[in-house]
Amino acid sequence: MIGNWKMHGSHLEAIQRVQKLSYLLDPADYDRVEVGVAPPFTSLRSVQTVVQMDDLRIRIAAQNLHWQDRGAYTGEISASMLAKLSVSYAIVGHSERRQCFGEDNRVVNRKAKAAMRAGVTPIVAVGETLEQRERGEATAVIRGQVSGSLARIPTEAIQDLVIAYEPVWAIGTGRHAAPADAQEAIAGIREQIRGRHGSAADRVRILYGGSMNPGNVAALMAKLDIDGGLIGGASLDPDAFAACVRYWK
Ligand code: PGA
């Protein structure tokens with residue numbers, strides 16, 4: 001379960017949020033579910049300090065990165081900089097980056113590869129818009145995003161990465177995908193990966209994202225191919241996020 005905090009809160013609020021989350025979770029939760037938070041860049045260092053000082057089993061994720069390791073790229077952050085801050089995961093290709101910042105599959109692919117070179121596991125986000133779904137194009141769009149975003153990534157690396165299926169129409173709308181529809185889309189992604197990478201498909205973790213919350217997490221997680229959640233809005237409230245982590249209780 002990864003909490004995507006997006007552009008919300010100062011580093012002081014991030015400290016409070018991660019501390020509160022740590023009080024709510026106990027060892028059995030971490031044994032069962034890998035828990036991560038993706039704060040804004042300005043909060044990564046503070047969250048890392050809390051995680052290290054209190055020896056927390058909370059993984060740190062970044063929301064984005066640049067595909068070059070260094071250079072004249074004003075305003076950008078590289079994978080090696082993130083790795084130095086104990087960042088384990090980086091979201092690449094979130095629909096907000098695809099839509100608001102013009103990121104296409106080529107860029108997402110470069111970012112995913114850069115993350116892996118630095119030892120940061122990419123969480124590659126894919127998902128169709130409402131218009132694409134209504135035109136019956138969802139499957140083709142997802143297929144194109146998966147193949148483009150994962151191009152030229154070898155099978156050994158594929159098995160360790162994380163994919164997030166996030167239908168754009170479900171993100172931040174309070175309208176989550178029906179569990180059966182999410183399962184169908186995610187099973188399709190897994191089969192696509194199996195076609196190219198064989199049994200690596202069984203190891204790759206595929207998350208659902210889009211208005212996941214304590215009320216719907218159990219029904220979504222009950223589906224065979226849904227391995228976890230990428231949670232935006234509900235992750236800003238530690239109580240709600242902890243309840244999502246404990247979907248199995
Ligand atoms: P949401 O966001 O849970 O607020 O819909 C999910 C995401 O964008 O990762």
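# A walk through the model, from Asp29 outward

Start by selecting Asp29: at 0% relative accessible area, this residue is buried. Keep in mind as you click around that the model is predicted.

**Stop 1: the Asp29 network**

With Asp29 still selected, bring up Arg246. The two form a salt bridge, and their closest N and O atoms sit 2.9 Å apart. Color by sequence position and you'll see that the pair links distant parts of the chain: Asp29 belongs to helix H2, Arg246 to the segment after H13, and 217 residues separate them. How accessible is Arg246? Its relative accessible area is 25%, so Arg246 rates as partly exposed.

Now add Asp26 and Lys249 to the selection. These two also form a salt bridge, with 3.9 Å between the closest N and O atoms. Asp26 is in the loop between helix H1 (11-24) and helix H2 (27-32), while Lys249 is in the segment after helix H13 (238-245), so this pair ties together parts that are 223 residues apart in sequence. Switch on a surface and compare the two ends: Asp26 is partly exposed at 28% relative accessibility, and Lys249 is exposed at 57%.

Leave everything displayed, then step over to Arg97 and Glu103. Their side chains meet in a salt bridge, 2.8 Å from N to O. Glu103 is buried, with 9% relative accessible area. Back at your earlier selection, salt bridges that share partners join Asp26, Asp29, Arg246 and Lys249 into one network. How many salt bridges are there in the model? The count is 19.

**Stop 2: the largest pocket**

Keep Arg97 on screen and add Lys6, Met7, Gln63 and Asn64. Out of the 17 residues that line the largest pocket, these five lie nearest its centre. The pocket holds about 480 Å³ of space. Which element supplies the largest share of the lining? That would be H5, with 3 residues. Color the lining by class and you should get 7 nonpolar, 6 polar and 4 charged residues.

Zoom in on Lys6, in the loop between strand S1 (2-4) and H1. Check the backbone here: phi of Lys6 is near 50°, a positive value in a residue other than glycine. Is Lys6 buried or exposed? Lys6 is buried, with a relative accessible area of 19%; the cut-off for that label is under 20%, so Lys6 makes it.

**Stop 3: His94**

From Lys6, jump to His94, since the two are in contact. Beyond neighbours within four places in sequence, His94 also contacts Asn4, Ala125, Glu166 and Ile171. His94 is in the loop between strand S4 (87-92) and helix H5 (95-100), and at 4% relative accessibility this residue is buried. Put a distance label from the His94 side chain to the backbone of Glu96: a polar atom of that side chain lies 2.9 Å from the backbone nitrogen of Glu96.

**Stop 4: Ala90 in strand S4**

Next, select Ala90, which is in strand S4. Ala90 is buried at 0% relative accessible area. What does Ala90 touch, leaving aside neighbours within four places in sequence? Show Ala62, Leu65, Val120, Thr121, Pro122 and Ile123 to see these contacts. For a sense of scale, draw a line from Ala90 to Gly215: C-alpha to C-alpha they are 27 Å apart, and in sequence 125 residues apart.

**Stop 5: the loop between S3 and H4**

Two residues are worth a click here. Ser78 is in the loop between strand S3 (58-62) and helix H4 (79-84), and Gly71 is in the loop between S3 and H4 too. Their accessibilities are worth setting side by side: Ser78 is buried at 4%, whereas Gly71 is exposed at 56%. Around Ser78, look for His66, Gln68 and Asp69, which Ser78 touches when residues up to four places away in sequence are not counted. Add Ser80 as well: a polar contact of 3.2 Å joins its side chain to that of Ser78. Then stretch a line from Gly71 to Gly36, 35 residues apart along the chain, with 29 Å between their C-alpha atoms.

**Last stop: Asp55**

Finish on Asp55, in the loop between helix H3 (41-53) and S3. Asp55 has a positive phi of about 55° although it is not a glycine. With the surface on, Asp55 shows up as exposed, at 68% relative accessibility.

Definitions and conventions
Residues numbered from 1 in each chain as written. Predicted model: local features only at pLDDT ≥ 70, side-chain atom pairs only at ≥ 80, totals over all residues. Heavy atoms only, no water. Salt bridge = Lys/Arg side-chain N within 4 Å of Asp/Glu carboxyl O. Helix = DSSP H or I, 4+ residues; strand = E, 2+ residues; numbered from the N terminus. Buried < 20%, exposed > 50% of the residue type's maximum accessible area, 1.4 Å probe, protein only. Polar contact = N/O pair within 3.5 Å; in protein donor to acceptor, adjacent residues only side chain to side chain. Contact = heavy atoms within 4.5 Å. 1 Å grid on protein atoms, 1.4 Å probe; cavity = no way out; pocket = protein on both sides within 12 Å on 5 of 7 lines; lining within 4 Å. Points joined across faces, edges and corners; volume = space filled by probe spheres on them. Nonpolar A, V, L, I, M, F, W, Y, C, P; charged D, E, K, R; others polar.
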